[in-house]
Amino acid sequence: MEVDFGPAVRDFRDELRDWFADHLVGEFAEHRGVGGPTDGAAWDVRLAWDRELSAGNWLGVGWPKEYGGRGLGLIEEIAFEYEYARANAPYRATVNALDLLGPMLLAMGDEAQKKRFLPPILAVEELWGQGFSEPGAGSDLASVRTRAERDGDQWVVNGQKVWTSFGVHADWLYVLTRTDPDSRRHKGLTLLLLPTDQPGVEIRPIRNLAGQDEFAEVFLSDARTGADMAVGEVGQGWRTAMATLGIERGTTLLPQQLGFEREAEALIDLARARGALDDPMLRRRIVDAWISVRIMRTTNLRTIAELTAGRTPGPQATTAKLYASTRHQQLGHLAMELAGPAGQIVGEDYELDTRQRSFLLSLAETIYGGSSEIQRNIIGELLLGLPREPRP
Amino acid sequence: MDLTFSEEQHELRTVVRSFLTRHATEADVRRLAADPRGHDPWIWRRMATEIGLQGLAVPEEYGGSGFGYADLGVVFEETGRALLCAPYFATVALAAEALLRCDDEAARAELLPGIASGETVATLALTEDDGRWDELGIRLNARAGASGWLLTGEKTYVPDGHLADLLLVAARTPAGISLFAVTTADAPGLTRTPLPTLDQTRKQARVTFADTPARLLGTDGTAWPALARTLATAAVLLAVEQVGGAAAALDTAVAYAKIREQYGRPIGSFQGIKHKCADMLVEIESARSAAYAGLWALDAGDETEIAVAAALAQAFCSEAFTKVAADTIQVHGGIGFTWEHPAHLYLKRAKSSEVLLGTPAYHRELLAARLGI
Ligand SMILES: Cc1cc2nc3c(=O)[nH]c(=O)nc-3n(C[C@H](O)[C@H](O)[C@H](O)COP(=O)(O)OP(=O)(O)OC[C@H]3O[C@@H](n4cnc5c(N)ncnc54)[C@H](O)[C@@H]3O)c2cc1C
């Protein structure tokens, strides 16, 4: 199922394909398909690749020109992601700032913030981390305790954040803080932009199960940022944060799912090489794995088609994450089983091959961005209208 | 890129749904399930005259309205929702499609208008005692007599075979697999026996032929590719029907979970139930993707893609419907296990649809073969 975005986008697509042919070479080409939303592998190369993309003016395809973007529409953004995934280019290191923070600033930031922060994001000059989660606030994000108090023209921030993806690389954090000490839950929160290069910010890497220092915990002790660094209204941080999380569009799922398709194909090759296709049980699971990646793709294309037709996407836009994350894990288990004992051997210094890394990292997909249980609550309550869980 | 439904298709859905809400109520389903004919000729006529459902995707030159497969899919999703008791699948998804695919312009011109106008109920007689839907399952013998072709042998599990006016029969001649048309009114040597079915909403029959005269469609011995393509189309349409059935089953489960209280609160507020319903929706939306991909492949006319998408749709949607229907019973507790409650109607329709064009295992194998796995 090839996707054609229509004649209007064809020039754009051809330009991009040509650009990939010229630039996705050398070291970048060697790192095709490397990385993922929680994969810190080959960080330096991927960062260099982001800068290469930036130099080609390919970052922020849909962002206004005044902030360094291309000023194109949603359909070009989608076409970009599609071609990107087709080219199997390295996973962008700065995807968090590009997909979450940037759009949030565009929607909720003031003019000064947009001017100040958007161009360096697109130039890959400043790297960002998302400081939402805390040791005591995970799924229940509204229970954040990190406090921020006004001191003249500054905010003074105290508290702890955790699981900050690529936190050790971050020059800036966008953090959810409680600015009204007497408030509870969703009220009295504020979203602040905070520079990490100061004595009040300590960032310690946390090793993930693949052995990577990919996420971090962040200690904020009298950390300071300007009074003008609140995004959206003070006290309305929940709305701002939710707007960020709401920017979960088909565009971001496409590359991931084309990657899953490649994994499924690699799995079939492996099974063929090992003669596993003759085993009826394995064969059945292999076909099912293929079916599930194909379904992910179609679900995604349905959402994109609705978005580009200017309609609000249907329920599949919400069910897609739960389906994809669950099925991708099954794919990983199957790949490990097919690899057999050889798949259990790692390199020096716990260096993992693509299959091992993909399998291990897939375990995070049902946790981050709303765990599967939380997804089921959302589907049950928002899509099906079932009564809410009793809350204390 | 056209992976979504148009405004016109949404309107079509509304029209079909409102028709079925009036003419295919649960009471109608129960009445017709208990009726040996299994359908109501009055409703069948209205389907044709009021909204032209039988001829929707039949080309205009044969008396239809020439819509595409996505449009037809919209209708099947709704008939699946309503558990419509009518020979619609047999007539439209199987017989009309087989006529369109076979290489016989004269037969098309002669037979399709009756189908499009709702006058002819038709079906495809392919399976025999072993229930196989592949080429090897076709053993019924056809031989050339002095004044034309004669069929001898038996077909069984023929959907709506007990009442079809027109049978399209897959048979074997010395040249290979061929397709024949038999008009059932006063056909010599033809016996039709209704089969008592677990799923009473879709009837089946055994049909025996003893030197029954039949009309050869197209060229002798070359029918299999057209039949395989017919089955692929039918597989997609059945998948959409299954999605509709599953969605309707989930609706009843959700409605009940909102009002039924235990431990002082609605059962839908318990995660054990809420999460089950959420999983049902995930299954349905995934099945939708599988089925719709089939519709779009059919409209695009890419043969490789059609073959893949059709097998995938049946492999996935069959199991999805059955799972959702079974979970619907679970959500309802004891009441879901009664004859009075509609939950079992969905379960049984799901179970019969699961094997109607071959089991999920069979379709997985078809898919594997088509992918070279
Ligand atoms: C790889 C990775 C990267 C991440 N990156 C970032 C980042 O950059 N920035 C950031 O702020 N955060 C990040 N996170 C944090 C992520 O958002 C949280 O891990 C997630 O929200 C879950 O919170 P928790 O870990 O505290 O688990 P908990 O909320 O404690 O959940 C533990 C278990 O309980 C279940 N559970 C919780 N509540 C309910 C409920 N109401 N009903 C049923 N079950 C429930 C959960 O589903 C889970 O199975 C990252 C996480 C991972 C794994």
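**Exercise 1.** Determine whether Glu125(A) is buried or exposed in this predicted model.

*Solution.* Start with the cut-off: a residue counts as exposed over 50% relative accessible area. Glu125(A) has a relative accessible area of 59%, so it is exposed. Next, place the residue in the chain: Glu125(A) sits in the loop that runs from helix 6 (111–122) to strand 1 (128–131) of chain A. Then list its contacts, setting aside neighbours within four places in sequence: Glu125(A) touches Pro120(A) and Asp171(A). Finally, take the separation from Ser325(A): the two residues are 200 apart in sequence, and their C-alpha atoms are 32 Å apart.

**Exercise 2.** Compare the radius of gyration of chain A with that of a compact globule.

*Solution.* Chain A has 392 residues, for which a compact globule would have a radius of gyration near 21 Å. The value for chain A is 21 Å, which agrees. The C-alpha trace spans about 70 × 50 × 50 Å along its principal axes. As for burial, 55% of the 392 residues in chain A are buried. Turning to contacts between residues at least 6 apart in sequence, 70% of those in chain A join residues at least 24 apart.

**Exercise 3.** Work out how helix 5 (residues 88–101) of chain B is extended and covered.

*Solution.* Helix 5 of chain B has 14 residues, and the expected span at 1.5 Å a residue is 20 Å. From first C-alpha to last, helix 5 of chain B reaches 18 Å, close to that expectation. For cover, count the buried residues: 13 of the 14 in helix 5 of chain B are buried, so this helix is largely enclosed by the rest of the structure.

How values were computed
Residues numbered from 1 in each chain as written. Chains lettered and ligands numbered in written order. Predicted model: local features only at pLDDT ≥ 70, side-chain atom pairs only at ≥ 80, totals over all residues. Heavy atoms only, no water. Rg over C-alpha atoms; globule rule 2.2 N^0.38 Å. Buried < 20%, exposed > 50% of the residue type's maximum accessible area, 1.4 Å probe, protein only. Contact = heavy atoms within 4.5 Å. Helix = DSSP H or I, 4+ residues; strand = E, 2+ residues; numbered from the N terminus. Expected span 1.5 Å × (residues − 1).
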